[in-house]
Structure formats: C-alpha cells, structure tokens
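This briefing is meant for a first look at a protein structure, and it moves from a single loop outwards to the whole chain. Please keep the sequence and the 3D view side by side while you read.

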Amino acid sequence: MRILLTNDDGIHAEGLASLERVARTLSDDVWVVAPEQDQSGYAHSLSISEPLRLRKISEKHFAVRGTPTDCVIMGVRKILPGAPDLILSGINSGANIADDVTYSGTVAGAMEGALLGIRSIALSQGYSYVGEDRVVPYETTEALAPALLKKLVAAPLPDGVLLNVNFPNCLPEEVAGTVVTTQGKLVHSLWVDERRDGRGLPYYWLRFGREPVEGKQGTDLFALRNRLVSVTPLQLDLTAHEIRDQLSKALA
C-alpha cells in the first residue's frame, strides 16, 4: 500500500512526524508532501495566482510552497511514481470538529484526496494549555491510530466520502472508546482586532470568540468531551437534498 501524507501545520510540524510513524505501521511505502509553512485555516484553497515551489527535504519527503490542497495535487500528479492507495492528513495540532472543518486545511487535504478518488482520512489531536505552552498529547493518536486505521481502510466507503478522525485531549489509557459521529455545531464568530504598527498605522488580526456549548450526544463535540475518539464521515456533495422539493414548490 502506497501512502501519501500531508498536513496544514507545515513540513517540520511535530504532528507530521508522528503521523509518519503511524503510517509506517501500515506500509513501508510512505511519501510526505507538506506545505513549506503553516497553512492553518486555509481550508480547501488553491494557489492559482502564483507558482508552486517544490523542495526535496530527503528521500520521499517534499515541501511545497503552497496549501495542503496544492500538496496533494503535487503529490498525486507530479511527485509520486503512481497514485497512492491512501492519503492521511495531519496529525493536526488541535481538534477539527463541528463548524471548524470548513476552515481546516487538514480536512481539506483529505477532501482533495477524495476528489481524486483516493481513500482519504484527516487526523487531529485535541490539546490543552499549561501556562502559555500548548501541550498536544500526540502519543494518544500514535497509540490508537494504527489499529483504527486498519479498520477504516478495510471498511467500504462510497465515492466522494472522506473520514475526519479526532482524538481526545487525554492519555491513551484514558480514552473511553471510539464512536462514529455527526458534525456538531459551535457557537462562535470571528472578531476583528485592530492594532497599530510602529508608525501608528492600523493593522488587523482575525480572532475567534466562542461561547460554551453542550455538544449533543452523537456529535463530534460530545465525543471529545467524553474522551471518545470521533470518526465523522464527511461528503463532498454539499447539496441540501432534504429541501429540494420544498424549494421547487416555492419556485413553481
């Protein structure tokens, strides 16, 4: 089995090295094509207004000056000797759940793989802060992902479906199990934070503002809060099929 790895945290991210160790429990034919720099929040974007720069880091390890989507396309269409059997994207530093999947470059890497007809799985790890330091227990994903991935690779999936897997913020032995979930709903919005540079000119940061929410049972939010691994099947078809007839009647 040929496996292509990518991420949105960048080629030197700790989570990517952790994912490679996971992938090598499944195969020896593992390739890494990841962004040169952090691309978190770039979602399913393409670099179409500027060239892509490719740099070989080492054998089967390449950095692309572009987005996770660019990396998957470069890997499949240019770098690998043949199409991969599996694309793994991650391990993201932080969960990608609920509405955040629409912003996630990690999920987008798997999304592009699904568009190319390749089984694709995004993996993310919850974290916490100790003081000002982010603590990400990648050992939880490393311990649990190999056995889980073997099952997910063997499971039947229709075309246009990718899997979004999130591991809870706890030690491996504290994980309560694995569940198949739906995408939850967060209560948040983006705020514009205005600041001034050294010349007094304004510049702006986007920042998240969130309210505490109680994730409904069966959602990815509920799973992670209860120390469960969440496996959410996502589909490329964004059509709201349930209202097509209603909308047709309104237009009649």
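D9 lies in the loop between β1 and α1, and this loop of the predicted model is a useful place to begin. D8 is found in that loop too, between β1 (2-6) and α1 (14-23). The points below start with these two residues, then turn to one strand, one helix and finally the protein as a whole.

**The annotated binding site**

- According to an unreviewed UniProt entry, the annotation "binding site" covers D8, D9, S40 and N92; these residues are spread over 85 residues of sequence, yet they cluster in space, with a largest C-alpha distance of 9.1 Å.
- Leaving aside residues up to four places away in sequence, D9 touches D38, S40, I91, N92 and S93, and the side chain of D9 makes a polar contact with the side chain of S40 at 3.2 Å.
- Is D8 buried or exposed? D8 counts as buried because its relative accessibility is 3%, and a residue is called buried when this value is under 20%.
- The residues that D8 touches, again not counting those up to four places away in sequence, include P35, Q37, S40, P68, N92 and S104.
- The same unreviewed kind of UniProt record places the feature "domain: Survival protein SurE-like phosphatase/nucleotidase" at residues 3-185, a stretch in which the chain is 27% helix and 28% strand, with its end C-alpha atoms 32 Å apart.

**Strand β4 and its partners**

- Strand β4 (residues 61-64) is covered on both faces, since H61 and A63 on one side and F62 and V64 on the other are all buried.
- Strand β2 (residues 29-35) runs parallel to β4 and is joined to it by 4 bridges, with P35 standing opposite V64.
- Strand β3 (residues 54-58) pairs with β4 in the antiparallel sense, also over 4 bridges, and here S58 has H61 as its bridge partner.
- β3 and β4 form a hairpin with 2 residues between them, and in the turn K60 has a positive phi of about 65°.

**Helix α3**

- How many residues of helix α3 (residues 105-115) are buried? The helix is mostly covered, with 9 of its 11 residues buried, among them G105, V107, A110, E112 and A114.
- The cover over these buried residues comes from several elements, including β1, α2 (68-79), β5 (86-93), β6 (119-125), β9 (161-167) and β13 (228-235).
- At the start of α3, a side-chain oxygen of S104 reaches to within 3.1 Å of the backbone nitrogen of T106, while after the helix comes G117, whose phi is positive, near 80°.

**The protein as a whole**

- The secondary structure comes to 6 helices and 13 strands, and the protein is as compact as a globular protein of its length, because its radius of gyration of 19 Å is close to the 18 Å that the globule rule gives for 252 residues.
- Along its principal axes the C-alpha trace spans about 55 × 50 × 50 Å, and 46% of the 252 residues count as buried.
- Among the contacts with a separation of 6 or more, 73% are between residues 24 or more positions apart.
- The accessible surface of the protein comes to about 13700 Å², and 52% of this area belongs to carbon and sulfur atoms.

Terms used
Residues numbered from 1 in each chain as written. Predicted model: local features only at pLDDT ≥ 70, side-chain atom pairs only at ≥ 80, totals over all residues. Heavy atoms only, no water. Buried < 20%, exposed > 50% of the residue type's maximum accessible area, 1.4 Å probe, protein only. Pairing = 2+ DSSP bridges. UniProt positions renumbered as here; feature names shortened; annotations may be inferred. Contact = heavy atoms within 4.5 Å. Polar contact = N/O pair within 3.5 Å; in protein donor to acceptor, adjacent residues only side chain to side chain. Rg over C-alpha atoms; globule rule 2.2 N^0.38 Å. Areas by Shrake-Rupley, 256 points an atom, 1.4 Å probe, with all protein chains shown as cover.
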